[in-house]
Amino acid sequence: MFPDPARDYQCPDQLRCELKFGGGSPITKQPLVRLVNVWKRFGSIQALAGASLDVYPGEIHVVLGENGAGKTSLMCVLAGLYRPDQGEVLVNGQQFAVRTPADALKLGVTMVHQHFELVDNLSVWENVVLGAEGGRFALTRRRCHQAVRQLASEHGVEVDIDARVRDLPVGLQQKVEILKMLYRRARILILDEPTTFLTPQEVDTLLVTLQRLAASGLAILLVTHKLRDALRVGDRLTVMRGGRVVASLPAAGGTEELLVQWMMGEPPAAATKLLETARPAPPAPDAPVLLEVEETSTVGTHNRLRLQGISFRLRAGEIVGVAGVAGSGQRELAELLVGLLPVAAGRIRLSGVDITKLPIRDRLDRGLVLVPEDRVRDGILPGMTLAETVVLGLHRHLFPNVWYDFARAMQLGRNAIEQHAVRAPHPLIPSTYLSGGNIQKLILARAVETCRIRAEPVVVALNPSRGLDVRAVQHVHQQLRSVVGRGGAVLLVSEDLDELIGLCHHIVVLHRGQTVAEFDGPGYDRYSIGEAMLGSAA
Amino acid sequence: MGWQFFFDPEVLRQMVFVATPLVLAAQGELLIQRSGILNVSIEGMMALGAVVGFLVAYVTGAKLFGLVAAALAAAILGLVLGYAAITLHAPQLTIGLALFILGTGLSSLLYRMVIGLRFLPPMIATFPAVEVPVLSELPIVGRWLFRVPAPSYVVIGVVAIMHLFLFHTTIGLRVRATGENPRCADSLGIPVTRLRYACLMIGGMLIGVAGALLPMMLTGTYSEGMVGGRGWISLMLVILGRWVPFGTLMGAWLFGYVDALQYRLGLTIQTVPPQFMLMLPYVFVVLVAIRAYRGAQAPQALLKPYDREARA
Amino acid sequence: MYVAALAAALAINTLVIAILRHDPWVAYKTALNDSLGSIGGFAQTLNRMTPLLLVAITFSLSRQVGLANIGMDGQIYVGGVLATGIGLSLAPAGLPAWQMVPLVLAGGAMAGAAFVLIAGVLRAAWGVSEIFTTVMLNFVAAYLVEFLCTGPWNDPTAGEAITYPIPRTAALPMLITRGGAHTGVLLACAVAVLTWGLLYRTVPGYEMRAVGANARAALIAGIGVTRVQLIALTLGGGLSGLAGAIEVAGVHERLLVGLTPGYGFMGILVAVLARYHPLVLIPVSFAFAVLVAGSDSLQRTVGFPASAVFLVQALVVIVIMVVEALRARRERYVI
């Protein structure tokens, strides 16, 4: 990841102090927990550099910061998942050893992770009671059932508690996660980026729920990089950057402009520029259609949703977004396009050529590239070098003879480091050593190189900026724009509605494997897209 | 040769009988895999269990001591696997294979060092068949199920206990969660590492006892290579049984049936060379494996070491 | 680290010899003499190294594509069967050696390849784990050999479970005539170098390594994962079959039940130790061959059990793997 730039922008000092000490609103309550001067290092990354945090009962405390600012790491320290290199946890002014999650649970600290930590193959009630079954040896289904059902109805969660978690939609999974935490009598509830996968409507409901929980005396730590959510519900804001806490203030004192400056560590103009997602110019009306999907369907399997009657077109110079609640068929759509999933009915054309039945290899050679969702799992070749990873997929073009040209691969690897900003000392470094951000740059470098070979490339990008820090996200967007600028087209699948709205010329909404609505930009209405994502439109 | 031949009560009795070590080994492996570890060294663990069990039973004259020693010996191998795979995150497959070879080598070495070379191999008394008073008088089923040695009954009990443990106790739930999503289990305060070690130890013990049953039930002597792939077959049975105790019991009986039938056929049909009869069970399990692997869903964390501070 | 592993192995070895009531010093001297110290011993070592190296390449190839073929013993057996079959059936034709030897070797290789293809096809079509099928097929092959040796091809004058000898023209030429080392070792080393070239200098080899490193990434990159895996598996099976043919044509000149004293499993250890790198396999398999030849000698002189060599080898590998894992834990680092 990127270290904080040394030329840190410092916000006006007197302003910071004023805000930090609450500007006259005295906090009378005792903090539940205090984290003091926490340091944590992962290899060459300093994730936390002296961060401190106070948690008071009954408040919604928003921890704000860009990806890579150390928010999650700090929360993981509080939850006992990471053992800090330095720093302490204070309870009632006394040092408290939080060495394991079990210790944190004793304090009542619970954490809902961004990608949830549920056991997919167990039922809802098993997930809720897991680890807090009531101290008995025998697992009595009836007793647990009753307790879980009561809890669910108390909090107004409607869910079949015998259903397997993997079969639930994401929004419901999150509710199950929260129930699970309430079941073990949480006093501090940490939510890591809980709004990422939700539609605007679901976000509203979640925030109302959180306010209600806080009113009942629970301390809520809401970790997010979205200003909008932070300003709506936060009682107090803590802004982090580069592993440090740069400001801590009552929500009333923060303006959007100030917060952005703190988060970015840049002067106002540069900060807004970093946040900007510039949409490339719209394609010419007569631009050729590069990718055309016509009434396409797939056969569903037990872990693949069935797609039905998908139709859309992608013109040269266009970025089309695919929105949808997670698990609405986005992954299947991408796999279908690149040839990982067979087509059951319908037709796919690439630059006018029918590719419906072509294998992956031929589609790739025609310039249809996938930027996979899980970059660590699908993107790199562990145990092989950076150079060898960069040429993957390009190798047929680069080495038309049988011989693997070592020098050519090295050249490409060096190119990735120099031109595509992959941070690595040399191209022979094992690709396992790369961080998530660097892997993504590598994958994009590969995609862009493929685009150089073909005249009219189509890039299918699945959540390409998930989990990356601001600068890396900027880089991703820039690369996607460069594809479009060269006469290519991009299909951008993203769970982040803001990213889609900022970048796309056109948005297609998927719901349960069907296209339910389409929107033309600019001028999108968040809520109507959200409605379509939930399947309630039309 | 009519259909009676295939349902001969004696063949069915043999089925329960020869399947016993398989059932037990498969239960051990099932427990280990449920906690998220793939143990491919069962064959070696069984070999070690067989020789240690045999030697201790031979020297002390008490089979119970033999069984206990076999369990401990195999558990030690499990401990090595655990240290490498759980604590050190070493690749489970390679360590498992190396341990399998180690177990195989160690077992014949131990036998040679204690017994030496003899013209007539030493013998121990095998478990006698136990007739359950009333039940064994039942028509067909009585001869089939209720006239087998004591371990066969015990092992069926083990299957039932394993089932109750996994699906009706809190620790069983935690084991299942650990095998599916150790990070989730860990964040809920469940001691993932300790649970995995415990499963590996207990599973290893069951496998070791299963190995000791080979000389104690089937042959009365120890001979090199006597495990004969039963460890690997148990591994497949876990998959065939879909990681459910009673499923593996059924699979083990199926294999036991073919083994018993093969033996019977060999006695009846003299024209086919015995080696082809002996091949039959192995060919059969390969064919069964096709069924076993179709749509099989292993515990999701199988083969994946868990590191709390690894950043996803 | 390697020193520690060797020391541990040596300690165990010494303990065993001491328990067997022999002088370890004398025993080691004989063992060393019979493996490295004399021409005869050196020749024995080379002969042992040949199948070890080929089998280790087999396992390495399967690991390089993300599979694990552990049925090398079975493949050696069927290779030996077909090699013997060709040798016996072509005996009346009286072909010259330069035709006979290649035929016998090619036959063995083909048999091994075809045999492993059973596992390969089951894997490709139904996803059956090749680990399981290959090890089961070991037993099938072993019984097949037992049948042939005691049944149709049995040499009744020998009084053991061995077949008629193959014609002299089918025997491999000698490398060191005095010690009885055959030229198979040259062939094996050449195969290792060729395998290295294939893996690291050609595109199909690159695809194999990519599949092994990350099958899904390879699939997304348009590589036919199943095809690549099948090819590597079959190629490997062929090499083990070749090893079987070499054992028949170079050492025993007939088929016998103990054609492989567990070369397959030793090969796994060799390959693990060499981290599946074809060139590194050569010295490692030589070292293991020294161990095997030495333990043969110990077996003759102090009654050291044959299987003990497995224990020693496995111990070395486990100690080294544990030490490596310990070290890897200390240096976790990310750019």
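Helices here are DSSP runs of H or I with at least four residues, numbered from the N terminus, and a helix's expected span is 1.5 Å times one less than its number of residues. This is a predicted model, where local features need pLDDT of at least 70, side-chain atom pairs count only at pLDDT 80 or more, and totals for chains, interfaces and linings use all residues. Residues are numbered from 1 along each chain as its sequence is written, chains are lettered from A and ligands numbered from 1 in the order written, and side-chain values use heavy atoms, leaving out hydrogens and water.

Start by selecting residues 130-150 of chain C, helix 6: its 21 residues should span 30 Å, and the end C-alpha atoms are indeed 30 Å apart. Color by burial next: 16 of the 21 residues are buried (under 20% relative accessible area, 1.4 Å probe, protein chains only), so helix 6 is largely enclosed by the rest of the structure.

Now show chains C and B together. Their contact (heavy atoms within 4.5 Å) takes 45 residues from chain C and 43 from chain B. The rule finds zero salt bridges across it (side-chain nitrogen of Lys or Arg within 4 Å of a carboxyl oxygen of Asp or Glu). Helix 6 is among the chain C helices that each supply at least two residues to this side.

Then swap chain C for chain A. Here 35 residues of chain A meet 23 of chain B, and the count is two salt bridges. Zoom in on B:R174 and A:E133, whose side chains form a salt bridge at 2.7 Å, N to O. Finally, pick helix 3 of chain A (101-107): its three residues are the largest share of the chain A side touching chain B.

Conventions: Buried < 20%, exposed > 50% of the residue type's maximum accessible area, 1.4 Å probe, protein only.
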